[in-house]
2 protein chains.
Amino acid sequence: MDINTATRPPGRPREFEIEEALDKAVIVFSERGYHAASISELKDAMGLAAGSLYKAFKDKKAIFLASFDRYKQVRNAVLEQELAQGINGRDRVSRMLRFYAEASHGENGRRGCLVVGTAIELAVYDAEAAERVDRSMGRSEALFETLIREGQADGSIAQAIDPGATARLLLSVTQGLRVLGKTGPNRDRAFSVVDTAMKLLD
Amino acid sequence: MDINTATRPPGRPREFEIEEALDKAVIVFSERGYHAASISELKDAMGLAAGSLYKAFKDKKAIFLASFDRYKQVRNAVLEQELAQGINGRDRVSRMLRFYAEASHGENGRRGCLVVGTAIELAVYDAEAAERVDRSMGRSEALFETLIREGQADGSIAQAIDPGATARLLLSVTQGLRVLGKTGPNRDRAFSVVDTAMKLLD
DNA sequence: TCTATTGGGGAACGATCGTTTCCAAATTAA
DNA sequence: TTAATTTGGAAACGATCGTTCCCCAATAGA
């Protein structure tokens, strides 16, 4: 009888998609930051009443952390897709750097990175936020290192370079690009940084 | 009769040093950020009553901008002194990078950089803040470029490298270090980034 | 049909925000 | 001395903050 056989919990069903609402919240938190983003702004952007917001999330911090996780999920998916197209280690490193450069200019740059924003605004006095930032940074660093080792294995990256140290440098470059992108350098300047960084792999 | 012959303006003299108070405000703004730093916290840290604060400064933003300027003044003086000890262009680039690495770990790292914080939290919707950030970033980039050209002139840096592009990269690295420093990598990791970046000058 | 449960939405809450006001104290100029 | 001016400091202000409450709607299970 029932087309949807998945059991539904009792009570009135939610009328909005959590992930769609979070995508809107991500924009507000990215542009304004955690403290400057008010519940009033968030509920308007998410298209919800305050009461509904607080039924879906415990408090403002929970909205933020859920937004952070959603942001990471979406960005990671795009990056993964980008890396899958790389032809060797060096190309994948280049694609990853360009992925950040693309996000660090123009409107995207102005909007900013939620990881960087969290590191700056929240990590110092909120353990949960700090842990998420650390995990995100750690994964990026590890990914750079993996790609570099792949490049050394396939011959596209020089054997002489130190994968760990170079990965840390590239992580610094990407986070720095995100900061510079906030006051909006043009596209060429962001990509010139990528080109210069790639010379480290020779 | 009067030991201090400098004419004093009418009215009760101020009982505190503006710059000493600003140094305290810099700490609060750096650790907490603009929005999370309340007037209550600021007045406690600065040792002033709210009324006195508002006689010295127009509003919260004026306190912040004055703190920003004080921060830049102090940091620039320290950096200048550091660079004066450099023996050639390459050494001065290295000293400048180490100056940032030193500020990007441990307690200083956790405290954070007021320029980066301003870029992330304020620059998007406050023109005065954005202009200060832009000017600060522009000067750092120009300084890196100058030092690189000096190194090329004195033979300590390879002629083949592009001073402008490399300066932009090094600026990205320093700003990135400041972000990473917020969640506190240890000293060695910060300095390994410097060592790796210096390879770009060979 | 009745009960239990959950969501939607708006009104209301106490707390805290940045700011102003007020009065006493300290100084200069007349 | 007196008037004008400015600071120190505490108290008070309106606005906005994040959050809760309340009432109605919508659903599941009995």
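**Salt bridges, ring pairs and the DNA-facing surface**

At 22% relative accessibility, Glu145(A) falls in the partly exposed class. That value, like every other one here, comes from a predicted model. The partner of Glu145(A) is Arg149(A), and the two side chains meet in a salt bridge with an N to O distance of 2.8 Å. Arg149(A) is likewise partly exposed, at 45%. This is a local affair: both residues belong to helix H8 of chain A and sit 4 residues apart, which is about one turn of the helix.

Helix H8 also takes part in a longer-range pairing. Glu141(A) forms a salt bridge with Arg168(A), with 3.6 Å between the closest N and O atoms. Here distant parts of the chain are linked, since Glu141(A) belongs to helix H8 (residues 127–154) and Arg168(A) to helix H9 (residues 163–182) of chain A, 27 residues away. Both ends of this bridge are out of the way of solvent by the accessibility criterion: Glu141(A) is buried at 12%, and Arg168(A) is buried at 17%. The cut-off for that call is under 20% relative accessible area, so Arg168(A) with its 17% still makes it into the buried class.

How many salt bridges does the structure hold over all chains? The count comes to 43. As background, side chains of opposite charge can pair when their charged atoms come close. Another example is the pair Asp23(A) and Arg70(A), whose side chains meet at 2.7 Å, N to O. Asp23(A) is in helix H1 (residues 18–32) and Arg70(A) in helix H4 (residues 60–84), both of chain A, so the bridge ties together parts that are 47 residues apart in sequence. The two ends differ in exposure class: Asp23(A), at 28%, is partly exposed, while Arg70(A), at 15%, is buried. Salt bridges can also join up into something bigger than a pair, and a network of them links Glu31(A), Glu107(A), Arg110(A) and Arg111(A).

Back in helix H8 of chain A, Val133(A) is worth a look. Is this residue buried or exposed? Val133(A) has 0% relative accessibility and so counts as buried. Leaving aside residues up to four places away in sequence, Val133(A) touches Phe68(A), Val115(A), Thr118(A) and Ala119(A), plus Thr183(B) from the other lettered chain. Gly176(A), by contrast, is 43 residues from Val133(A) in sequence, with a C-alpha to C-alpha distance of 15 Å.

The aromatic side chains come next. Over all chains, the structure holds 8 aromatic pairs. One of them joins Phe99(A) and Tyr100(A) edge-to-face, with ring centres 5.5 Å apart and 80 degrees between the planes. Phe99(A) and Tyr100(A) are both buried. In chain B, Tyr34(B) and Phe64(B) make another edge-to-face pair, this time at 5.2 Å centre to centre and 85 degrees between the planes. Tyr34(B) sits in the loop between helix H1 (18–32) and helix H2 (39–46), and Phe64(B) in helix H4 (residues 60–84), so this pair links parts of chain B that are 30 residues apart. Tyr34(B) counts as buried at 13%, and Phe64(B) is buried too, at 2%. In chain A, ring pairs join Phe29(A), Tyr34(A) and Phe64(A) into a cluster.

That leaves DNA strand C. Which residues come nearest to this strand? Out of the 25 residues around DNA strand C, the nearest are Gly11(A), Lys55(A), Ile39(B), Tyr54(B) and Lys60(B). Of the strand's atoms that come within 4 Å of the protein, 64% belong to sugar and phosphate. By residue type, the surface near DNA strand C splits into 10 nonpolar, 6 polar and 9 charged residues.

A few polar contacts stand out for their variety. Lys55(A) uses a polar side-chain atom to reach a base oxygen of DNA strand C at 2.5 Å. Lys60(B) places a polar side-chain atom 2.6 Å from a phosphate oxygen of the strand. Glu15(A) uses its backbone instead, with a polar backbone atom 2.9 Å from a phosphate oxygen of DNA strand C. As for secondary structure, the elements giving two or more residues to this surface are helix H3 (50–56) of chain A and helix H3 (50–56) of chain B.

Methods. Residues numbered from 1 in each chain as written. Chains lettered and ligands numbered in written order. Predicted model: local features only at pLDDT ≥ 70, side-chain atom pairs only at ≥ 80, totals over all residues. Heavy atoms only, no water. Salt bridge = Lys/Arg side-chain N within 4 Å of Asp/Glu carboxyl O. Buried < 20%, exposed > 50% of the residue type's maximum accessible area, 1.4 Å probe, protein only. Contact = heavy atoms within 4.5 Å. Near = heavy atom within 4 Å. Polar contact = N/O pair within 3.5 Å; in protein donor to acceptor, adjacent residues only side chain to side chain. Nonpolar A, V, L, I, M, F, W, Y, C, P; charged D, E, K, R; others polar. Phe/Tyr/Trp six-rings, centres within 6.5 Å; stacked < 30°, edge-to-face > 60°.
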